[in-house]
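Please study the structure shown below before attempting the exercises. Each exercise consists of a task and a solution that proceeds step by step.

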Amino acid sequence: CAPPALSNNKNIPSSLAIGTTTGYRLFSLSSVEQLDQVHESNEIPDVYIVERLFSSSLVVVVSHARPQQMNVYHFKKGTEICNYSYATKILSIRLNRQRLVVCLEESIYIHNIKDMKLLKTIMDTPPNTTGLCALSINHANSYLAYPGSATSGEIALYDGNTLKTACTIPAHDGPLAALAFNSTGSKLASASEKGTVIRVFSIPGGQKLYEFRRGMKRYVNISSLVFSMDSQFLCASSNTETVHIFKLEHLTDSRPEEPPTWSGYMGKMFQAATNYLPAQVSGMMSQDRAFATVRLNISGQRNICALSTIQKLPRLLVTTSDGHLYIYNLDPQDGGECVLIKNHSLLGSGKMEENKENNLQPPVPQSYAATVARQSTVPSTSTMPGYSEDGGALRGEVIPEHEFATGPVCLDDENEFPPVSIRDP
């Protein structure tokens with residue numbers, strides 16, 4: 001599964017895409033209560049990659065039946081724009097308004113999304129068995145990040161617009177497990193296979209800006225790493241039952257002097273003591289911990305998270321591999337434990353229904369998280385943006401012997417925002 005990208009514009013519904021054993025489904029989340037299925041396709045079974053270009057009608061699909069072939073569809077018209085075949089299995093696909101990136105185990109292909117022309121092939125990349133890579137959704141820079149080593153946590157940063165290497169970032173000691181850009185492409189978050197430390201770097205310079213500790217007791221497999229659209233929060237989920245949300249804020253030296261209390265005195269003593277400890281221990285002790293958390297009712301299942309603003313309030317969305325979407329309230333001021341307010345089933349037929357097996361209505365505490373304004377009216381989604389009529393068709397071309405599409409692929413609406421993408425493992 002890939003880290004999700006999420007619409008955070010209050011006037012545009014969030015999008016959700018899932019791959020299933022029978023095909024794929026697309027959803028629109030216009031409010032906490034309303035999750036509408038906008039499209040379902042059963043033409044290609046066993047879909048394990050489905051990427052929708054923001055809220056448009058362009059969808060890229062890869063199936064276990066043909067894992068070396070990428071199919072690009074205009075789902076509203078029911079037509080295929082093009083398909084390409086590659087030498088080995090496609091592990092992941094990333095796209096924005098400028099670029100479409102196909103990641104194989106030891107190579108990366110960069111296409112111009114307007115005409116699907118192959119612009120660059122990055123050959124002999126370090127073995128990347130999970131297809132780990134991240135593409136900035138801000139097409140003004142189109143930075144691409146992928147592992148620069150199979151044995152260490154080095155990040156290779158590539159400029160998808162100029163088609164040149166930007167820099168390498170020595171992010172972690174161990175191999176990488178997760179990468180994510182913020183919405184503007186100015187920050188990059190990373191985690192290693194240990195899953196204990198999450199770091200945030202400036203882009204394109206690669207300077208370390210933040211370091212967060214998820215935990216020290218056990219190693220975990222981080223499956224999802226995602227920023228909020230305003231870059232104030234960073235969410236990390238793993239194969240455990242806890243989801244961590246970190247707040248990206250700078251601590252300045254101009255803070256008011258603490259009152260002369262015992263706790264304040266001990267705090268100063270602790271800070272002074274860190275100056276005499278080894279750098280590794282001192283850094284660990286001074287790292288920020290989670291601003292907010294979620295305790296899931298499950299563990300061991302793969303899940304994907306996203307942070308969004310729905311009905312003018314910040315929400316955490318968690319989707320699980322058993323086909324559920326959980327929506328939580330996030331208190332942006334005080335953090336703490338997030339409150340579960342809705343559970344949607346993604347694998348039901350037609351209209352989504354609330355899972356009634358669990359009690360989703362906890363006792364109502366007098367807190368921000370429990371104060372939810374639920375709108376009675378839902379914005380219309382009938383005017384869904386799509387692609388122009390002149391999207392051409394290609395069939396069966398083998399990379400790198402590519403051709404141009406017969407016509408340019410143009411977005412009808414430049415105000416589209418990215419969707420959540422979820423796939424069955």
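The exercises below concern a predicted model.

**Exercise 1. Confidence in the model**

Task: Determine the mean pLDDT of the protein, and state how many contacts beyond four places in sequence the model has for residues 1-12 and for residues 251-268.

Solution.
Step 1. The mean pLDDT of the protein is 77, and 69% of its residues reach a value of 70 or more.
Step 2. Over residues 1-12, pLDDT stays under 50; the model has 45 contacts beyond four places in sequence for this stretch.
Step 3. Over residues 251-268, pLDDT likewise stays under 50, and here the model has 2 such contacts.
Step 4. Where pLDDT is low, predicted coordinates should not be read in detail.

**Exercise 2. Strand β18 and its neighbours**

Task: Establish which strands pair with β18, and decide whether its residues are buried or exposed.

Solution.
Step 1. Strand β17 (residues 187-192) is joined to β18 by 5 bridges, and the two run antiparallel. Within this pair, Ser190 has Arg199 of β18 as its bridge partner.
Step 2. These two strands, β17 and β18, form a hairpin with 4 residues between them. In its turn, Gly195 has a positive phi of about 75°.
Step 3. Strand β19 (residues 208-213) also pairs with β18 in the antiparallel sense, over 5 bridges. Here Val197 stands opposite Arg213.
Step 4. The hairpin of β18 and β19 has 5 residues between the strands, and Gly206 takes a positive phi near 85°.
Step 5. From β18, Val197, Arg199 and Phe201 point one way, while Ile198, Val200 and Ser202 point the other way. All of these residues are buried.
Step 6. Because 6 of the 6 residues of β18 (residues 197-202) are buried, the strand is largely enclosed by the rest of the structure.

**Exercise 3. An open sheet and one of its threonines**

Task: Give the strand order of the open sheet of 5 strands, then describe the surroundings of Thr242.

Solution.
Step 1. The order of this open sheet is β20-β21-β22-β23-β27, with mixed pairing. Its edge strands are β20 (222-227) and β27 (336-337), each of which pairs on one side only.
Step 2. Inside the sheet order, β22 (residues 242-247) and β23 (residues 292-295) pair in the antiparallel sense over 4 bridges. Ile245 stands opposite Ala292 in β23.
Step 3. Thr242 lies in strand β22. Residues up to four places away in sequence aside, Thr242 touches Thr293, Val294 and Arg295.
Step 4. The side chain of Thr242 makes a polar contact with the side chain of Arg295, at 3.5 Å.
Step 5. Thr242 has a relative accessibility of 12%, so it counts as buried; the cut-off is under 20%.

**Exercise 4. Cysteines and disulfides**

Task: State how many disulfides a search of the whole structure finds, and explain why Cys133 is not bonded to Cys103.

Solution.
Step 1. The search of the whole structure finds 0 disulfides. Cys103 is accordingly in no disulfide.
Step 2. A disulfide is a covalent bond between the sulfur atoms of two cysteines. The cut-off applied to the sulfur atoms is within 2.5 Å.
Step 3. The cysteine sulfur closest to that of Cys133 belongs to Cys103 and is 4.4 Å away, which is too far for a bond.
Step 4. Cys103 counts as buried because its relative accessibility is 1%. Cys133 is buried too, with a relative accessible area of 1%.

Notes: Residues are numbered from 1 along each chain as its sequence is written. This is a predicted model: local features need pLDDT of at least 70, side-chain atom pairs count only at pLDDT 80 or more; totals for chains, interfaces and linings use all residues. Side-chain values use heavy atoms; hydrogens and water are left out. Two strands pair if DSSP finds at least two bridges between them. Buried means under 20% relative accessible area, exposed over 50%, partly exposed in between (1.4 Å probe, protein chains only). A polar contact is a pair of N or O atoms within 3.5 Å; within protein, one must be able to donate a hydrogen and the other to accept it, and residues adjacent in sequence count only if both atoms are side-chain atoms. Contact means heavy atoms within 4.5 Å. pLDDT is the predictor's confidence in each residue, from 0 to 100.
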